[in-house]
Amino acid sequence: MYATADMLLTSPAPAAPEQTHETAIEVVLVKAVLEGDRDGFTRLYDLYAPLVHGILLARVPRAEVDDLVQDIFLHAYKKLHTLRDSSLFGPWIAMIARNRAVDFHRRKHETVEINDELRGSNTQDSRATEILELIRNLPEAYRETLVLRLVEGMTGPEIAGRTGLTAASVRVNLHRGMKLLREQLGFMEGL
Amino acid sequence: MNDDYLWDKTGEPDPQVQELEEILGTLRYQPKPLQIPNELTLPQRRNYFPWVAIAAGVLLAILAGGIWLSTRSRSDAPQRQAEVTAPAPVKEVTPSVPKTPERKNEPREEVVAVVHKHRPRSSTPILSKGEREEALMAKEQVMIALRLTTEKLSLVHKKTQNTSPVNQIKNQHRVG
């Protein structure tokens, strides 16, 4: 409780400059793409693919994630002219990814989880899949933030800057999510 | 507990977080080139400004025309009323003629002159104030009646939509 309040009060200032820098890049790139520069979109893809990958990994089966990432970016390319504020490319594509994950579950794909196959490849990978499964069972607010931090290796300020969430809420989500994950991991052997 | 490392990878590293990073890092995004099909063209951001400007222009023109027509008809109205009501005073004047025996032998032109004398009076509206109020009352009553009818019709419509055919028959007296 105190930790949360403390975190809210000491929400980091460094997030702002990074966010501004990224936002400036986004604005330039979106403008370039709208003027017909396809390479600009490739650059946006390079910047935001980890974010989209993380968002999907927290929601859909691992085997589907890569194809969905491509689909989402192609969809975003087609709909880029509808983006009113170029500086909000990150939150916009994050929202597309979340919606696509919801659609995926709505369609009720008859997918067979290939966890066993993945588990069989090596021990590290199987443990990773198990932990990811634990994260997926956490409340929705914590899932995405934890995957972006622990899987994609993004820092809290980066997560806030790219998803459009406030630094304070990202920090709270990380803290609470990690606390719950630690509790869950207490039941697992060997960690 | 200080969770700076969890937040922005600064401060004293948390061994459990580090271990999780190491294990889960195997699932990290592996860069793959995005393949945009050549036939996929980017729709240009639509510029609605010219259309909005044209629409606004047309709307303004219509408004200006409407205002002009209304002011014109207002300025025309008294003349038309005068023309229409012009014969009325003649009727009023004519019976009064016998009352004045001196005028009996006067030439017809004078009667016409009398008519012209009364012309300014004809600029008053066709309806008197009382009549106008009565007309407005009547209009209001018609409007109320129309509103009531609409309400009743919508009620009937709702009932027919919501009730079964048996109930429709039962409720017919309410509708009527």
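**Close-up views of a two-chain predicted model**

In chain B, 47% of the contacts with a separation of 6 or more join residues that are 24 or more positions apart. Please keep in mind throughout that this is a predicted model.

**View 1. Chain B is built from helices, with zero strands.** Chain B holds eight helices, and reading along its sequence gives the pattern α-α-α-α-α-α-α-α. Of the 176 residues in chain B, 14% are buried.

**View 2. Helix 3 and helix 8 of chain A pack against each other.** Here we look at residues 38-57 (helix 3 of chain A) and residues 140-151 (helix 8 of chain A). Two numbers are the natural way into such a view: packed helices are described by the angle between their axes and the distance between the axes. For helix 3 and helix 8 of chain A, the angle is about 125 degrees and the axes are 8 Å apart. Helix 3 and helix 8 of chain A are therefore oblique to each other, and their crossing is right-handed. On the helix 3 side, the contact is made by A:Pro50, A:Leu51, A:Gly54, A:Ile55 and A:Leu57; helix 8 of chain A contributes A:Glu144, A:Val147, A:Leu148 and A:Val151. By character, the residues of this contact are seven nonpolar, one polar and one charged.

**View 3. The largest nonpolar core has 68 residues.** Good places to start exploring are A:Phe41, A:Phe73, A:Leu80, A:Phe89 and A:Leu181, the residues with the most contacts inside this core. Helix 3 of chain A, already met in the previous view, gives the most to the core, with eleven residues.

**View 4. A:Leu29 is a buried residue of helix 2 of chain A.** Helix 2 of chain A covers residues 15-34. With a relative accessible area of 11%, A:Leu29 falls below the 20% cut-off and so is buried. Setting aside neighbours within four places in sequence, A:Leu29 is in contact with A:Gly40, A:Arg43, A:Leu44 and A:Leu47. For one of these partners, A:Leu44, the C-alpha to C-alpha distance from A:Leu29 is 6.9 Å, across 15 residues of sequence.

**View 5. Helix 9 of chain A is largely enclosed by the rest of the structure.** That description follows because seven of its eight residues are buried. The buried residues of helix 9 of chain A are A:Gly156, A:Pro157, A:Ile159, A:Ala160, A:Gly161, A:Arg162 and A:Thr163. After helix 9 of chain A comes A:Gly164, with a positive phi near 85 degrees.

**View 6. A:Thr155 is in contact with residues of both chains.** A:Thr155 sits in the loop between helix 8 and helix 9 of chain A, the latter spanning 156-163. Its relative accessibility is 14%, so A:Thr155 counts as buried. Apart from neighbours within four places in sequence, its contacts are A:Arg149 in chain A, and B:Trp7, B:Asp8 and B:Lys9 in chain B.

**View 7. B:Lys9 has a positive phi.** Follow the contact from A:Thr155 across to B:Lys9, and you arrive in the loop between helix 1 (4-8) and helix 2 (15-24) of chain B. Most residues other than glycine have a negative phi. In B:Lys9, however, phi is near 65 degrees. At 35% relative accessibility, B:Lys9 counts as partly exposed, whereas its contact partner A:Thr155 counts as buried.

Terms used. Residues numbered from 1 in each chain as written. Chains lettered and ligands numbered in written order. Predicted model: local features only at pLDDT ≥ 70, side-chain atom pairs only at ≥ 80, totals over all residues. Heavy atoms only, no water. Axes fitted to C-alpha atoms, helices over the stretch in contact; angles between N-to-C directions. Helix = DSSP H or I, 4+ residues; strand = E, 2+ residues; numbered from the N terminus. Parallel < 35°, antiparallel > 145°, perpendicular 65-115°, else oblique. Left-handed = near helix turned anticlockwise from the far one by under 90°. Contact = heavy atoms within 4.5 Å. Nonpolar A, V, L, I, M, F, W, Y, C, P; charged D, E, K, R; others polar. Core = buried A, V, L, I, M, F, W, Y, C linked by side-chain atoms within 4.5 Å. Buried < 20%, exposed > 50% of the residue type's maximum accessible area, 1.4 Å probe, protein only.
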